[in-house]
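Work through these exercises with the sequence and the model side by side. Try each task before reading its solution.

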Amino acid sequence: MDKNRMKEVIAKRVAKEFEDGDLVNLGIGLPTLVANYISDDIDVTLQSENGFIGMGIAPESGKEDPNLTNAGSQPATIKSNGAFFDSATSFAIIRGGHLDYTVLGALQVDSKGNLANWMIPGKLVPGMGGAMDLVTGAKKVIVAMTHTSRGNIKILEECTLPLTAKNQVDLIITEMGVMEVTEEGIVLKEINPEFTIGDVKKLTEAKLIIPEKLKEMKIE
Amino acid sequence: MKKMRSLTEAMASVKDGMTIMVGGFLGVGSPDLLLEELIKNGVKDLTLIANDTSFEGQDYGELIVNKLVKKVYTSHIGTNRETGRQMNANELEVILTPQGTLAEQIRAAGAGLGAVVTPTGIGTVVEEGKQILEVDGKKFLVEKPLKADVALIRAKKADRSGNLIYDKSARNFNPIMAMAADLVIVQADEIVEPGELDPNFVMTPHIFVDFIVGDDQ
């Protein structure tokens, strides 16, 4: 599977998690693609942590507004029922349990639901931005990422990089399947039929619990 | 009280060694004219409080590039390579703080609160050296308020008494910073007379504002 198809599969599957009325924050990169696949039959409000709800599609070329950007400073639009607010209010929404889902990428995630996605000591120290608040405060945390990165295994027994938050991850969605973090460990809930259980296990360090009724990950 | 100032007059109040807050999110909503003047004045040894360190070549990103900052409280430095370089060379002290905590530390200072008690950062390196408070069986980090000598604010509209309105996502940290500094200097894109802004829609009440600089300087 090429990288673009992987991203598409992941984004499409994440989009299926949402229900009518949900408030969702999509992280920078792959998670942003999820917006393209949310069903028109449901009303999902997107939050942008730099200070608004009701984020719409990217503006047409020539219609960008320098004062209306997403959290990655890319030009954005706001829907007709959207609203702007300051950063304290934005993070009150995030931390205060008003956000149904946060979807973000990971460098590492582990069997206890720990997430590392903000630094590699000595190499990359961009800062955590809003990630720690998002992961701590959202009702459900979805890690959306390719199963491995440049051959490196990312779903581990225990994270080795500095954590973004402890025990907060609920779901891990990759091109290979959907995994749920439970008290007992990581359960493989759905598998992409293009892969076998053996394929998934080979690229996962954490022990995977395989339920009797393993579902197929359905992607159009 | 007269608040209108020329750019030169207003920015002469910012001196070496001061702590400054600068509104903006990756540069969006930052007072670029005030910052250009600050750089021109060569004010140094500043402590900067800002969401991020913006980009090289623009607004407060250039405070870092011009080496005017000795310490920065921020949530993200990844868009300005110079911040990382100075940090690794021990030329700049960088206090990385979760964005929501940073916003709340600033708000707390303006609101007269003694601390922020937040779940964010528990179980991470952010908790190192900080007090942990257990409330009803849940752990929280105690974070101190952040106050500044000067706040540099960007507004869309200001009336001459200092009531402010911000534009779209350019609002971000501006309103909370306007409440958390001893001296608040506003760069406004448009200046109007008192009475022209509907009091229902004023976002920062005039009592928080000290100096107003128009965009026509």
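**Exercise 1: a small sheet in chain A**

Task: give the strand order and the pairing of the open sheet of 3 strands in chain A.

Solution. The order is β7-β6-β11 (chain A), and the pairing is mixed. Strands here are DSSP E runs of at least two residues, helices are H or I runs of at least four, and both are numbered from the N terminus. Two strands pair if DSSP finds at least two bridges between them. Next, find the edges. They are β7 (115-116) and β11 (155-156) of chain A, each of which pairs on one side only. Now take one pair. Strand β6 (residues 108-110) of chain A runs antiparallel to β7(A), with 2 bridges. A:Q108 has A:A116 in β7(A) as its bridge partner.

Before going on, note the ground rules. This is a predicted model, in which local features need pLDDT of at least 70 and side-chain atom pairs count only at pLDDT 80 or more, while totals for chains, interfaces and linings use all residues. Residues are numbered from 1 along each chain as its sequence is written, and chains are lettered from A and ligands numbered from 1 in the order in which they are written.

**Exercise 2: the partners of β14(A)**

Task: work out which strands β14(A) is joined to, and in which sense.

Solution. Start with strand β13 (residues 177-182) of chain A. Its 6 bridges to strand β14 (residues 185-191) of chain A are antiparallel. A:V181 faces A:I186 across this pair. The two strands make a hairpin, with 2 residues between them.

Then go to strand β15 (residues 208-209) of chain A. It runs parallel to β14(A), joined by 2 bridges. A:I186 has A:L208 as its bridge partner in β15(A). Trace the connection: β14(A), helix α5 (residues 197-202) of chain A and β15(A) form a right-handed β-α-β unit. Right-handed means that, with the strands pointing away from the viewer, the path from the first strand over the helix to the second runs clockwise.

Last comes strand β16 (residues 215-216) of chain A. It too is parallel to β14(A), over 2 bridges. Here A:E190 is partnered by A:K215.

**Exercise 3: parallel strands in chain B**

Task: follow the pairing from β2 through β3 to β4 in chain B.

Solution. Strand β2 (residues 46-49) of chain B is parallel to strand β3 (residues 69-74) of chain B, with 4 bridges. B:I49 stands opposite B:Y73 of β3(B). Strand β4 (residues 93-96) of chain B is joined to β3(B) by 4 bridges, again parallel. In this pair B:V72 lies opposite B:V94. The path from β3(B) to β4(B) goes through helix α4 (residues 81-88) of chain B, and the crossover is right-handed.

**Exercise 4: one residue in its setting**

Task: is B:V43 buried or exposed?

Solution. Locate B:V43 first: it sits in the loop between α2 (32-41) and β2 of chain B. Count next. B:V43 has 20 C-beta neighbours inside 10 Å, so it is buried. The cut-offs, with C-beta atoms placed from the backbone, are 20 or more other C-beta atoms within 10 Å for buried, 12 or fewer for exposed, and partly exposed in between. Beyond four places in sequence, B:V43 contacts B:V14, B:K15, B:D16, B:L38 and B:L68. A contact needs C-beta atoms, placed from the backbone, within 7 Å.

**Exercise 5: the two chains**

Task: describe the contact between chain A and chain B.

Solution. Chain B gives 36 residues and chain A gives 31 residues. On the chain B side, α5 (99-111) and α6 (174-177) each give two or more. α5(B) gives the most, with 5 residues.

Now describe each chain as a whole. Chain A has 5 helices and 16 strands. Of its 220 residues, 46% count as buried. The C-alpha trace of chain A spans about 50 × 40 × 30 Å along its principal axes. Chain B has 6 helices and 11 strands. Of its 217 residues, 52% are buried. The C-alpha trace of chain B spans about 50 × 40 × 25 Å along its principal axes.

Notes: Contact = placed C-beta atoms within 7 Å.
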